[in-house]
Amino acid sequence: MMRITNGMMMNTTKLNINNNKVSVDRLNTQMSTQKKITKPSDNPLIAIKSLRLSTTLSQINQYCNNNIKDAQSWMDVTETALTNMKDIFKDAYRLCVNGSTDTLTDEDRYTILTQLKALSGQLYSEANADYANRTVFSGYKTNSTVTFNDSFEASQAKYEIFEQLSASDIEAYTYYANKLDTPVASEIENQTAVATPEEVVLKRLRLSYNKQTDLNSLSYNYSVDTSSSQANGTTAGNVTIKTSIDAAADATNQTFQWRSLRKDSAFTYEADENGKIPLTILR
């Protein structure tokens, strides 16, 4: 049997009292700080969960306090602009109907025209509606307005299209020129030459857009391995084809240029009015 001394009993009692004081201090700290741990070493598992919960709570607060309000305001501005544009179109339609009446004088129609111009300005203003300095109807370009600010800005605007095409996109179509007439007896007796159909191959490059009446030039290029006129034989190069269109003269000029990647020379082919392509070597 183990002997328990008074000193052992006193030490055990003091240890229990000290442990209770530590527990009371820890609970008092949690109650006053409203936190279960004060440093990660107190409980690493709870610390990790706390960090994750804090991140999730921050995201929820951002969504509830900012994102939802911002989206609602954005939708309100959009709805207001669309409603105003709808009313503008109604007023314009009413003015057009009134203007079609034969009893109106020229002065009355001029007044209607002035009102329509004013409605047009209002429509442009509504199209440029913005929220927090971001244009609503300009898609992803929220820093740009939908319509031009003035006539000078509109006159300086350029419409450019870039489309990546390859040689395989060029389509070939065959048609026949010169109709074939059945020869009469006199032509047979006199052995008069009769026109025969001529086969013509037409190359076509179809773009992804159409009805571009102001299109005055088109160019494309691709890499090829072609035979040069020099002694070194086949050489890798690049072919550039450019077509210029003159709508007023109803004429089309096409230029083919091949430039070697290994030497400073180029071959330029220019079609004449008959469609023939003479060769000119540029040094």
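Student: How many residues does H1 have, and what distance does H1 reach from its first C-alpha to its last?

Tutor: Since this is a predicted model, every value we discuss is computed from predicted coordinates. H1 has 28 residues and reaches 41 Å from its first C-alpha to its last, which is close to the 40 Å expected at 1.5 Å a residue. H3 can be read in the same manner: with 22 residues it reaches 31 Å between its end C-alpha atoms, close to an expected 32 Å.

Student: Where does the backbone go just after H1, and what phi does glutamine 34 take there?

Tutor: Just after H1, glutamine 34 takes a positive phi of about 60°, although this residue is not a glycine. Glutamine 34 has its place in the loop between H1 and H2, and it counts as exposed because its relative accessibility is 67%. A second case is asparagine 133, a residue other than glycine whose phi is near 65°. Asparagine 133 belongs to the loop between strand S1 (130–131) and S2, and at 71% relative accessibility it counts as exposed.

Student: Before we go further into single residues, how many helices and strands does the protein chain have, and which pattern does it follow along the sequence?

Tutor: The protein chain has five helices and nine strands, and read along the sequence they follow the pattern α-α-α-β-β-α-β-α-β-β-β-β-β-β. Of its 283 residues, 12% count as buried, and the chain exposes about 23000 Å², of which carbon and sulfur atoms supply 53%. Among contacts between residues at least 6 apart in sequence, 37% join residues at least 24 apart.

Student: How should I read the faces of a helix, and which residues of H3 are buried?

Tutor: The general idea is that an α-helix has 3.6 residues a turn, so residues three or four places apart point the same way. In H3, the buried residues are Ile112, Leu119 and Ala127. Seen down the axis of H3, these buried residues fall within an arc of 80°, so they line one face of the helix. The buried residues of H3 pack against helix H2 (44–99), while on the other side of H3 the exposed residues are Asp106, Glu107, Tyr110, Lys117 and Ser125.

Student: Is glutamine 115, which lies in helix H3, buried or exposed, or in between?

Tutor: Glutamine 115, in H3 (residues 106–127), counts as partly exposed because its relative accessibility is 36%, the class in between running from 20% to 50%. The C-alpha atom of glutamine 115 is separated by 9.4 Å from that of aspartate 91, a residue 24 places away along the chain.

Student: How many salt bridges does a search of the whole structure find, and which residues form them?

Tutor: To read such a pair, one looks at the distance between a side-chain nitrogen of Lys or Arg and a carboxyl oxygen of Asp or Glu, which has to be within 4 Å. The search of the whole structure finds two salt bridges. In one of them, arginine 134 pairs with aspartate 70, with the closest N and O atoms 3.3 Å apart. This pair links distant parts of the chain, since arginine 134 is in strand S2 (residues 134–135) and aspartate 70 is in helix H2, 64 residues apart. Arginine 134 is partly exposed, with a relative accessible area of 29%, and aspartate 70 is partly exposed, also at 29%.

In the other salt bridge, the side chains of aspartate 91 and arginine 94 meet at 4.0 Å, N to O. Being three residues apart in helix H2, aspartate 91 and arginine 94 are separated by about one helical turn. Aspartate 91 counts as partly exposed at 31% relative accessibility, and arginine 94 is partly exposed with a relative accessible area of 44%.

Student: Where does aspartate 169 lie, and which residues does it touch beyond those up to four places away in sequence?

Tutor: Aspartate 169 lies in the loop between helix H4 (151–156) and strand S3 (170–177), and it touches Arg204 and Leu205 when residues up to four places away in sequence are not counted. Its C-alpha is 7.5 Å from that of arginine 206, although the two are 37 residues apart in sequence. Aspartate 169 is partly exposed, with a relative accessible area of 30%.

Student: Which residues form a nonpolar patch on the surface?

Tutor: Ile4, Met8 and Met9 form a nonpolar patch, and together they have about 300 Å² of accessible area. Methionine 9 has its place in helix H1 (residues 6–33), and it is partly exposed, with a relative accessible area of 47%.

Key. Residues numbered from 1 in each chain as written. Predicted model: local features only at pLDDT ≥ 70, side-chain atom pairs only at ≥ 80, totals over all residues. Heavy atoms only, no water. Helix = DSSP H or I, 4+ residues; strand = E, 2+ residues; numbered from the N terminus. Buried < 20%, exposed > 50% of the residue type's maximum accessible area, 1.4 Å probe, protein only. Patch = residues over 30% accessible without salt bridge, like charges linked within 9 Å, V, L, I, M, F, W, Y side chains within 5 Å. Areas by Shrake-Rupley, 256 points an atom, 1.4 Å probe, with all protein chains shown as cover. Expected span 1.5 Å × (residues − 1). Arc of directions from axis to C-beta. Contact = heavy atoms within 4.5 Å.
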